[in-house]
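Colleague: Please take a close look at a single part of this model, and set that part in the context of the whole. I would like the terms stated with their cut-offs as they arise.

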Amino acid sequence: MFQNIKDVLNFKEKLEEEINKANARNSVGTPSSSFIKTMKEDAEEEYADDEDDVTLLKPHKLWLTLPTHARHKASEFESDLLVKKKLFQKLSMFGLFVLYLLQTVFMLVIEEEFENSVVLIVLRIVFLGLLACLGFLYKLLSKKGMRKPISCAIFIYGYLVTLLQAYWTVYPTFHRIQLIELMLLYLVGTHSM
Amino acid sequence: MLSFIESLIMSGIFFVTYGLKGILDIQNVFFFVLFTLANLLHVFLYFRMNIKFYNSLQVREKRRLEQSGLVSQLLPVHVNSLLCFC
């Protein structure tokens, strides 16, 4: 019986030794800084592999122009961007249209404050028509790939009309109001492309 | 790029018309230049952010496809069709 108890105690001691050894091994295996570094490098390499497979867009650092060899991806990106911006663009163009219309009506009331008021009003009405056409034919122009140059041309025409208005005004501080109008036009113009 | 060209043309027209009229004072020029630069910077950052967003979406889509491919290989066909791992 004593012999049995002695065997059990020996076995217990051996077990404790084994457990201690296993614990020591585990404590050696805690992640060190070098281990974390290699793990990070591996992850980065994996991401780099992904980048190679997917052929991501890499634009020019300053001008953000997209490369010609990734033309398909670039057009895909542009259509994606267009879908995201569609509502904003339509709303901003509508807002601009309403503002311009209101100011044209206001100009008709104070006609005598401008040198060539008839020419200015006609130019503004033409701009309003062009803006409305751009809003209605937005989808068609996007499909044909003509949206950017046409909207750019229309907005440049708008800048010209607004600045001519400041040039032909008789009222001394009207050019400040024109400057604010110009900046609003520029804001919509650059964000709608 | 097009926004930059547009702003250059607009600046040209502004300086010519305001210069000819004689109303090119410091207030007008300061307001014009500040607003133009701020707007250009905003367009630049917005476009760059969109490109980054698009790229990360592409990588995520590729990984999703890889994962669904692996899962469909590991599971038996009837489980695959039941759980819709397409």
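Modeller: A residue is called buried if 20 or more other C-beta atoms lie within 10 Å of its own, exposed if 12 or fewer do, and partly exposed in between, with C-beta atoms placed from the backbone. A:E115 has 11 C-beta neighbours inside 10 Å and therefore counts as exposed. This is a predicted model, in which local features need pLDDT of at least 70 and side-chain atom pairs count only at pLDDT 80 or more, while totals for chains, interfaces and linings use all residues. Residues are numbered from 1 along each chain as its sequence is written, and chains are lettered from A and ligands numbered from 1 in the order in which they are written.

The part chosen here is the pair formed by helix 6 and helix 7 of chain A, which span residues 147-167 and 174-191. Helices (DSSP H or I, at least four residues) and strands (E, at least two) are numbered from the N terminus. Chain A has 7 helices and 0 strands, in the order α-α-α-α-α-α-α. Chain B has 3 helices and 0 strands, which read α-α-α from the N terminus on.

Some words on confidence come before the detail. With pLDDT, the predictor's confidence in each residue from 0 to 100, chain A averages 79, and 82% of its residues score at least 70. Within chain A, helix 2 has the lowest mean, 60, and helix 4 the highest, 90. Where pLDDT is low, the predicted coordinates should not be read in detail. Chain B has a mean pLDDT of 83, with 90% of its residues at 70 or more. For the complex, the predictor gives an ipTM of 0.74 and a pTM of 0.69.

As to the geometry of the pair, the axes of helix 6 and helix 7 of chain A come within 9 Å and cross at roughly 175 degrees. The axes are lines fitted to C-alpha atoms over the stretch in contact, with angles from 0 to 180 degrees between N-to-C directions. Angles under 35 degrees count as roughly parallel, over 145 as roughly antiparallel, 65 to 115 as roughly perpendicular and the rest as oblique; helix 6 and helix 7 of chain A are therefore roughly antiparallel to each other.

Helix 6 of chain A brings A:F155, A:G158, A:Y159, A:T162, A:L163, A:Q165 and A:A166 to this meeting, and helix 7 of chain A brings A:F174, A:H175, A:Q178, A:E181, A:L182, A:L185 and A:G189. By class, 7 of the residues in the contact of helix 6 with helix 7 are nonpolar, 6 polar and 1 charged (Ala, Val, Leu, Ile, Met, Phe, Trp, Tyr, Cys and Pro are nonpolar, Asp, Glu, Lys and Arg charged, and the others, Gly among them, polar). Also in helix 7 of chain A is A:M183, which counts as partly exposed because it has 19 C-beta neighbours inside 10 Å. The C-alpha atoms of A:M183 and A:Y159 are separated by 9.1 Å, although the two are 24 residues apart along the chain.

A:Y159 links the pair to the other chain. Apart from neighbours within four places in sequence, A:Y159 is in contact (C-beta atoms within 7 Å) with A:L182, A:L185, B:M10 and B:I13. In the largest nonpolar core, which has 21 residues, A:L96, A:Y159, A:L163, A:L182, A:L185 and B:F14 touch the most other members. Such a core is a set of buried Ala, Val, Leu, Ile, Met, Phe, Trp, Tyr and Cys residues joined through C-beta atoms within 7 Å. Two or more residues of this core come from each of helix 3, helix 4, helix 6 and helix 7 of chain A and helix 1 (2-21) of chain B. The most, 6 residues, are given by helix 6 of chain A.

In helix 1 of chain B lies B:T17, which counts as buried because it has 22 C-beta neighbours inside 10 Å. Beyond four places in sequence, the contacts of B:T17 are A:L163, A:L164, A:A166 and A:Y167.

The contact between the chains takes 31 residues from chain A and 29 from chain B. On the side of chain A, helix 2 (33-54), helix 3, helix 6 and helix 7 each give two or more residues, and the largest share, 10 residues, comes from helix 6. This side of chain A divides into 22 nonpolar, 5 polar and 4 charged residues.

To return to A:E115, this residue is placed in the loop between helix 3 (71-109) and helix 4 (117-136) of chain A. Its C-alpha atom is separated by 9.0 Å from that of A:Y167, 52 residues away along the chain. Outside its neighbours within four places in sequence, A:E115 is in contact with A:W168 and A:V170.

Terms used. Two residues are in contact if their C-beta atoms, placed from the backbone, lie within 7 Å.
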